[in-house]
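Got a moment to walk through a protein fold? Here is the structure, and we'll take it piece by piece.

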Amino acid sequence: MKNDKKTNQYRVNEQIRVKEVRVVGDGGSTVMPTRQALEMAHQQGVDLVEISPNAQPPVCRFIDYSKFLYQQKKRAKEMKAKQVKVEVKEIRFGPQTGDNDYAFKLKHAKEFLTEGNKVRAYVFFRGRSILFKEQGEVLLLRFAQDLEEFGKVEQLPALEGKKMAIIMAPKKAGVAKKSQQKMDRERREAEAKEAAKQQTQESETPAGGGLFANAKISDEALKKLTGNDE
């Protein structure tokens, strides 16, 4: 390589001034005089790069320094791309928020949590409405319960001046689980629907059952189909 004009993060080749180094590679590690390590690097057409200067002795590798810097830069870029920027989305309620407004804001909160953002929901008390702070706390706890599939409570309702706030953090993507209570409720609803369906079918079944028991046909058509048209 061989001279890098930039200020380097690592000492390379003749910049390494200690008496001996530990050279590591796929086959293990070997302690040797620095001059010997430099000669070996030169023979292999690579560089001697100090990767752990605080070790005793410092640890080095035989590598192409330009390629090494490129790989380090690429790895840092990939790590940065994987980092998820978490935003805190705010949702405001009044102490006497109506059902429609509540449902609308709950829908947005679900979307925010699903996208990986935190949600800070708060009840703002204006003037004498601070007398209803218990009502605001109940609303926020209900809000947290309705979002249990999408997020977890990071901060319980706390009064901050004229605001009472709760913070919800998103659950990991794809692992939102239904509560046992909700699963039981859905199972009961499904069973009730099935029972209602069967009851409807039975009420529509003509007397006599048989092949045409579940069909809605007139008496005249039934006689023709059965061959009894007298």
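Let's start with Leu-147, keeping in mind that this is a predicted model. Leaving aside residues up to four places away in sequence, Leu-147 touches Leu-106, Ala-109, Lys-110, Leu-113 and Met-168.

Leu-147 also belongs to something bigger: the largest nonpolar core, which has 19 residues. Leu-147 is among the residues with the most contacts inside that core, along with Ile-91, Phe-93, Val-119, Ala-121, Leu-140 and Phe-143. Who supplies this core? At least two residues each come from β5 (88-93), α3 (99-114), β6 (118-124), α4 (133-146) and β8 (163-170). The largest share, five residues, is the contribution of α3. There's also a second, separate core of 10 residues, and Ile-16, Met-32, Leu-48 and Cys-60 are included in it. As a rule, nonpolar side chains in soluble globular proteins tend to be buried together.

Now for the strands. Four of them make an open sheet, ordered β5-β6-β8-β7, with mixed pairing. At the edges you'll find β5 and β7 (151-160), and each has a single partner strand, so one side of each is left without a neighbour in the sheet. On average, neighbouring strands here are turned by 20° against each other, ignoring direction.

Zoom in on β5 and β6: they run parallel and are joined by six bridges. Ile-91 has Ala-121 in β6 as its bridge partner, and both of these residues are on the list of those with the most contacts inside the largest core.

Finally, the helices. α3 lies across β5, β6, β7 and β8, running at about 170° to β5. α4 lies across β5, β6, β7 and β8 too, running at about 10° to β8.

Terms used:
Residues are numbered from 1 along each chain as its sequence is written. This is a predicted model: local features need pLDDT of at least 70, side-chain atom pairs count only at pLDDT 80 or more; totals for chains, interfaces and linings use all residues. Side-chain values use heavy atoms; hydrogens and water are left out. A nonpolar core is a set of buried Ala, Val, Leu, Ile, Met, Phe, Trp, Tyr and Cys residues joined through side-chain atoms within 4.5 Å. Buried means under 20% relative accessible area, exposed over 50%, partly exposed in between (1.4 Å probe, protein chains only). Helices (H or I, at least four residues) and strands (E, at least two) are DSSP runs, numbered from the N terminus. Contact means heavy atoms within 4.5 Å. Two strands pair if DSSP finds at least two bridges between them. Axes are lines fitted to C-alpha atoms, for helices over the stretch in contact, and angles run from 0 to 180 degrees between N-to-C directions.
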